[in-house]
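Colleague: Before we go through the features one at a time, please show me the model, and then begin with a helix.

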Amino acid sequence: MEFKNKVKVITRNVKYIRFEVKNFQIRLILPPSHLHKVSEILETKRGWLKKQLNLIESIKEKTKKIKTEPKTGYKTLVNQFIEKYCKKIKKYPKTISYKTMKNCWGLCSSTGIIKFNEKIKYLTKDLIEYIVCHEVCHLKIHNHSKDFRNLLNKLYGQEKAKKARSELRLYEYLLLKA
Ligand SMILES: [Zn+2]
């Protein structure tokens with residue numbers, strides 16, 4: 001298999017070479033000085049790349065089958081979940097707002113401002129709950145460290161969170177749309 005045209009190569013002043021899988025695309029991020037090594041790098045990652053490409057294909061297939069009806073009451077739903085989880089951690093956001101974004105479902109600033117992607121209205125109730133819970137956890141822990149994961153798992157449930165994360169991938173294509 002030829003990987004060169006299936007992997008987007010991005011040069012950036014990074015210290016380490018890394019791969020990213022986002023929005024149905026595999027990206028190789030590397031410093032400009034390593035550009036001549038692309039073929040070599042892709043070759044060593046052959047097995048992994050093949051697996052990722054298959055995964056992307058299967059997600060694309062599943063994506064075609066999901067229904068995306070916008071929910072009218074999604075903000076009420078968000079407020080309910082905010083209340084539910086903030087009560088548990090005893091921290092509340094300063095403000096909540098909605099915006100159309102292309103790369104994430106939600107954001108939480110270090111000052112406690114939470115922004116949700118307007119597109120969450122297309123998600124299921126469980127996924128909206130997961131995203132709210134995730135951002136609420138950021139009110140306490142601002143990174144994605146192990147502590148953060150533990151808190152999220154504790155609040156939302158480990159198995160449920162795992163399921164939500166994989167389900168969420170089916171909706172990623174919505175992020176790309178305007
Ligand atoms: Zn996060």
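**Reading a helix face and a sheet**

Modeller: The face of helix 5 that is turned away from its buried side carries Lys146 and Asp147, both exposed; exposed means 12 or fewer other C-beta atoms within 10 Å of a residue's own, buried means 20 or more, and partly exposed lies in between, with C-beta atoms placed from the backbone. This is a predicted model, in which local features need pLDDT of at least 70 and side-chain atom pairs count only at pLDDT 80 or more, while totals for chains, interfaces and linings use all residues. Residues are numbered from 1 along each chain as its sequence is written.

Colleague: Which residues of helix 5 are buried?

Modeller: An α-helix has 3.6 residues a turn, so residues three or four places apart point the same way. In helix 5 (residues 146-156; helices are DSSP runs of H or I with at least four residues, strands are runs of E with at least two, numbered from the N terminus), Leu151, Leu152 and Tyr156 are buried. Seen down the axis, these buried residues fall within an arc of 105 degrees (taken from the directions from the helix axis to the C-beta atoms), so they line one face of helix 5. Gly157, with a positive phi near 100 degrees, follows helix 5.

Colleague: In what order do the three strands form the sheet?

Modeller: Strands of a sheet pair through backbone hydrogen bonds, either parallel or antiparallel. Here the three strands form an open sheet of mixed pairing in the order 1-3-2, where pairing requires at least two DSSP bridges between two strands. Strand 1 (7-11) and strand 2 (18-22) are at the edges with a single partner strand each, so one side of each has no neighbour in the sheet. Strand 1 runs parallel to strand 3 (residues 25-30), joined to it by five bridges, and Val9 has Leu28 in strand 3 as its bridge partner.
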